[in-house]
Amino acid sequence: MPSPFDILRRLMGGPAPLANLGPEHATPTDRAMMAHAITLARAAATRGEVPVGAVVYETATGRPLSHAANTREHDKDPAGHAEFTAIRHAAGLLGDWRLNGCTLVVTLEPCAMCAGLIVNARLGRLVFGALDPKAGACGSLMNLTQDPRLNHRTRPIQGLMADECAALLKDFFKARRTAR
């Protein structure tokens with residue numbers, strides 16, 4: 001019986017995406033940036049936003065370039081995702097839309113919109129915390145960041161501080177259900 005990757009390879013007409021890397025591949029800088037992203041996510045929750053935080057940093061130096069939390073509710077903006085905002089700010093700071101030398105660290109697996117931006121920004125690395133089985137586009141529902149049909153691919157590191165990231169989301173939505 002063919003493996004799921006063999007089936008994907010046949011369907012997509014090229015090599016199948018590689019499996020995402022696990023948290024053991026994260027660097028100490030990735031861990032520090034995830035801790036900051038979690039702080040941003042907590043702050044977002046206190047403002048009534050879904051608790052997602054993101055940081056973009058220069059991979060070689062560890063210098064943080066931008067950080068953001070979700071702002072969809074406050075800004076009434078469907079594109080108000082933490083990683084979308086952080087990527088745009090980093091590109092503006094660098095004066096270049098190509099972020100090959102940068103790493104994005106985000107508390108939740110990016111959706112299709114954000115995964116598309118990751119590919120289009122040519123991000124060199126992606127590290128995320130919790131999987132998103134309902135909207136995740138970096139391994140859960142699909143894997144846009146490794147789609148061989150696209151001109152740029154980024155192999156994500158998934159699951160960094162996943163339990164803490166997932167607990168933020170679980171607690172947030174539990175509180176919202178209780179408040180109804």
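Trainee: What makes β3 and β4 paired strands in this predicted model?

Mentor: Two strands pair if at least two bridges are found between them. β3 and β4 run parallel and are joined by five bridges, so the pair satisfies the criterion of at least two. One of the residues concerned is Val106, whose bridge partner in β4 is Phe128.

Trainee: What makes β4 and β5 count as a pair?

Mentor: Strand β4, residues 125–130, pairs with β5 in the parallel sense over two bridges. The criterion is at least two bridges, so this pair qualifies. Phe128 stands opposite Gln158 in β5; in β3, the bridge partner of Phe128 is Val106.

Trainee: Why are β2 and β5 said to stand at the edges?

Mentor: The open sheet is formed by five strands in the order β2-β1-β3-β4-β5, with mixed pairing. β2 (64–69) and β5 (157–158) each have a single partner strand, so one side of each lacks a neighbour in the sheet.

Trainee: What makes β4 a mostly covered strand?

Mentor: A residue is buried when its relative accessible area is under 20%. Six of the six residues of β4 are buried, and the strand is accordingly described as mostly covered.

Trainee: Which elements give two or more residues to the largest nonpolar core, and which residues have the most contacts inside that core?

Mentor: The largest nonpolar core has 47 residues, and those with the most contacts inside it are Met34, Val56, Ile87, Leu99, Leu104, Leu123 and Leu126. The elements giving two or more residues to this core are α2 (28–46), β1 (53–58), β2, α4 (82–94), β3 (102–108), α5 (112–120), β4 and α6. α2 gives the most, with seven residues. In soluble globular proteins, nonpolar side chains tend to be buried together.

Trainee: How do you know that Cys102 is in no disulfide, and what is the case for Cys111?

Mentor: The search of the whole structure finds zero disulfides. A disulfide requires two cysteine sulfur atoms within 2.5 Å. The sulfur of Cys102 is 16 Å from the closest cysteine sulfur, in Cys114, which is too far for a bond. For Cys111, the nearest cysteine sulfur is that of Cys114, 3.8 Å away, and Cys111 is in no disulfide.

Trainee: Why are Cys102 and Cys111 called buried?

Mentor: The cut-off is under 20% relative accessible area. Cys102 has 3% and is therefore buried; Cys111 has 14% and is therefore buried as well.

Trainee: What makes the phi of Arg122 worth remarking on?

Mentor: Most residues other than glycine have a negative phi. Arg122 has a positive phi of about 60 degrees although it is not a glycine. Arg122 is in the loop between α5 and β4, and its relative accessible area of 19% lies under the cut-off, so Arg122 is buried.

Trainee: How is Met161 classed, and what is its phi?

Mentor: Phi of Met161 is near 55 degrees, a positive value in a residue other than glycine. Met161 is placed in the loop between β5 and α6. Partly exposed covers the range between the buried limit of 20% and the exposed limit of 50%; at 27% relative accessibility, Met161 therefore counts as partly exposed.

Trainee: Why is Ala179 called exposed, while Thr71 is called partly exposed?

Mentor: Exposed means over 50% relative accessible area. Ala179, found in helix α6, has 69% and so counts as exposed. Thr71, in the loop between β2 and α3, has 24% and is therefore partly exposed.

Trainee: What makes up the lining of the largest pocket?

Mentor: The largest pocket has a volume of about 540 Å³. Of the 21 residues that line it, the closest to its centre are Val50, Leu108, Asp132, Leu169 and Phe173. By class, the lining has eleven nonpolar, two polar and eight charged residues. α3 (72–75) and α6 (162–179) each supply at least two lining residues, and α6 gives the most, with three.

Note on methods:
Residues numbered from 1 in each chain as written. Predicted model: local features only at pLDDT ≥ 70, side-chain atom pairs only at ≥ 80, totals over all residues. Heavy atoms only, no water. 1 Å grid on protein atoms, 1.4 Å probe; cavity = no way out; pocket = protein on both sides within 12 Å on 5 of 7 lines; lining within 4 Å. Points joined across faces, edges and corners; volume = space filled by probe spheres on them. Helix = DSSP H or I, 4+ residues; strand = E, 2+ residues; numbered from the N terminus. Nonpolar A, V, L, I, M, F, W, Y, C, P; charged D, E, K, R; others polar. Buried < 20%, exposed > 50% of the residue type's maximum accessible area, 1.4 Å probe, protein only. Core = buried A, V, L, I, M, F, W, Y, C linked by side-chain atoms within 4.5 Å.
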